Amino acid sequence: MKHAEARPYADPEAAARKLVELATSAPPVQDGRIHIEKINAPFLSTFKATGPEFGAGIKYAIEKGWLELHESGTYVRLLAPEGLLAN
């Protein structure tokens, strides 16, 4: 019997924290804007997360006030208070 691997980003909070970490390391282009692909691509390819995990993480980060997603969906702004990632 083959067992499923544990998904580290299945928890929306863990996914949100990783997305905020990625946003923190991405250089903003203008007015604090970070293109969504700067956090989406590494989250999906490097960390092997899934699209639904990305969506849940973004939603959680927005609800917590850590990220702001532009209505077009093309960029985010980091709103996270200092020390968020230390928790």
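**A three-stranded sheet and the helices around it**

Let me begin with a pairing in the sheet: strands S2 and S3 run antiparallel to each other and are joined over three bridges. Before going further, I should say that this is a predicted model, so please take what follows as a description of that model.

In the pairing of S2 with S3, Leu 67 has Leu 78 of S3 as its bridge partner. The hairpin that S2 and S3 form has five residues between the strands, and in it Gly 73 takes a positive phi near 80 degrees.

On to the other pairing, where S1 and strand S3, residues 75–78, are also antiparallel and also share three bridges. Here Ile 34 stands opposite Val 76 in S3, while Arg 33 has Arg 77 of S3 as its bridge partner.

Putting the two pairings together, we have an open sheet of three strands in the order S1-S3-S2, with antiparallel pairing. Strand S1, residues 33–35, and strand S2, residues 67–69, are the edge strands, each pairing on one side only. Neighbouring strands of the sheet are turned against each other by 35 degrees on average, with direction ignored.

I would like to stay for a moment with Arg 77, which lies in strand S3. What does the side chain of Arg 77 reach at 2.8 Å? It is the backbone oxygen of Asp 31. If we leave aside neighbours within four places in sequence, the residues in contact with Arg 77 are Asp 31, Gly 32, Arg 33, Trp 66, Leu 67 and Glu 68.

Now to the helices. Helix H1, residues 12–25, lies across S1, S2 and S3, and runs at about 90 degrees to S3.

Helix H3 covers residues 51–63, and because each residue should add 1.5 Å, its 13 residues should span 18 Å, which agrees with the 18 Å between its end C-alpha atoms. Which residues of H3 are buried? They are Glu 53, Phe 54, Gly 57, Ile 58, Tyr 60 and Ala 61. These residues are on the same side of H3, because they cover an arc of only 165 degrees around the axis. The buried residues of H3 pack against H1, helix H2, which is residues 37–46, and S2. On the face of H3 turned away from that buried side, we find the exposed residues Pro 52, Lys 59 and Glu 63.

Finally, just after H3, Gly 65 takes a positive phi of about 80 degrees.

Notes. Residues numbered from 1 in each chain as written. Predicted model: local features only at pLDDT ≥ 70, side-chain atom pairs only at ≥ 80, totals over all residues. Heavy atoms only, no water. Pairing = 2+ DSSP bridges. Helix = DSSP H or I, 4+ residues; strand = E, 2+ residues; numbered from the N terminus. Axes fitted to C-alpha atoms, helices over the stretch in contact; angles between N-to-C directions. Contact = heavy atoms within 4.5 Å. Polar contact = N/O pair within 3.5 Å; in protein donor to acceptor, adjacent residues only side chain to side chain. Expected span 1.5 Å × (residues − 1). Buried < 20%, exposed > 50% of the residue type's maximum accessible area, 1.4 Å probe, protein only. Arc of directions from axis to C-beta.
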